[in-house]
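Work through the exercises below with the coordinates open. Try each task before you read its solution.

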Amino acid sequence: MEHSWIFISILIFLAILLLFCLIRAIKGPTIADRVVAVNMMGTMVMVIIAMLAVYMGEGYLLDICLIYAMISFLAVVVLTKVYSGVYLEKLAKEKRRHQKVMEAEIKQEEEFQAKEVLAKKTGTEEGGERL
């Protein structure tokens, strides 16, 4: 092919971008960043396979590209379901912990009020006996 250097330079550029996506998938500060990076990596691999199919003139690589697209889509859906389940479980755990803290504070407040009432009654009775 007369323009093979264009294909090779595009493939090298896509490989570098793929490495950047891998770094984002590993370092991503949030789960959403990681899922988006994995999805982007799948898309870039599909583009690389399609570029190779055109460059090499092999039609079967396009079939592999389509199969990879379906698998990549399912992987992102599964990752999203798993991470959303983990997130919802974390929220529920935090809510239960918050409820326990609130119940403990309410119980402590009730005990304090009961002691105040008892102290007032005891003070009133002693004052009445003194007169």
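**Exercise 1. How many salt bridges does a search of the whole structure find?**

Ground rules come first. This is a predicted model: local features need pLDDT of at least 70, side-chain atom pairs count only at pLDDT 80 or more, and totals for chains, interfaces and linings use all residues. Residues are numbered from 1 along each chain as its sequence is written, and side-chain values use heavy atoms, with hydrogens and water left out.

Step 1. Apply the cut-off: a side-chain nitrogen of Lys or Arg within 4 Å of a carboxyl oxygen of Asp or Glu.
Step 2. Search the whole structure; one salt bridge turns up.
Step 3. Identify the partners. Glu94 pairs with Arg97, with the closest N and O atoms 2.5 Å apart.
Step 4. Place them. Both lie in helix α3 (residues 60-130), three residues apart, about one turn of the helix. Helices here are DSSP runs of H or I with at least four residues, strands are runs of E with at least two, and numbering starts at the N terminus.
Step 5. Check accessibility. Buried means under 20% relative accessible area, exposed over 50%, and partly exposed in between (1.4 Å probe, protein chains only). Glu94 has 41%, so it is partly exposed. Arg97 has 48%, so it is partly exposed too.

**Exercise 2. Find the aromatic pair and classify its geometry.**

Step 1. Set the rule. Rings of Phe, Tyr and Trp (its six-membered ring) pair if their centres lie within 6.5 Å; planes under 30 degrees apart are stacked, over 60 edge-to-face, and the rest tilted.
Step 2. Search the whole structure. One aromatic pair is found.
Step 3. Classify. The ring centres of Phe7 and Tyr55 are 5.6 Å apart and the planes meet at 50°, so the pair is tilted.
Step 4. Locate the partners. The pair links distant parts of the chain: Phe7 sits in helix α1 and Tyr55 in helix α2, 48 residues apart.
Step 5. Compare with the burial classes. Phe7 is buried at 15% relative accessible area. Tyr55, at 30%, counts as partly exposed.

**Exercise 3. Why is Cys21 not bonded to Cys65?**

Step 1. Recall the chemistry: a disulfide is a covalent bond between the sulfur atoms of two cysteines. The test is a pair of cysteine sulfur atoms within 2.5 Å.
Step 2. Take the distance. The sulfur of Cys21 is 16 Å from the closest cysteine sulfur, that of Cys65, so the gap is too far for a bond.
Step 3. Count. The rule gives zero disulfides.
Step 4. Check burial. Cys21 counts as buried at 13% relative accessibility, and Cys65 counts as buried at 12%.

**Exercise 4. Does helix α1 agree or disagree with its expected span, and which of its residues are buried?**

Step 1. The expected span is 1.5 Å times one less than the number of residues.
Step 2. Helix α1 (residues 4-27) has 24 residues and should span 34 Å; its end C-alpha atoms are 35 Å apart, which agrees.
Step 3. List the buried residues of α1: Phe7, Leu11, Leu14, Cys21 and Ala25.
Step 4. Find the cover. It includes α2 (31-56).

**Exercise 5. What are the fold elements and the overall dimensions?**

Step 1. Count the elements: three helices and zero strands.
Step 2. Take the box. Along the principal axes, the C-alpha atoms fill roughly 115 × 25 × 10 Å.
Step 3. Take the radius of gyration (over C-alpha atoms; globule rule 2.2 Å times the number of residues to the power 0.38). The protein has 32 Å, whereas a compact globule of 131 residues would have a value near 14 Å.
Step 4. Close with burial: 15% of the 131 residues count as buried.

Note on methods. Contact = heavy atoms within 4.5 Å.
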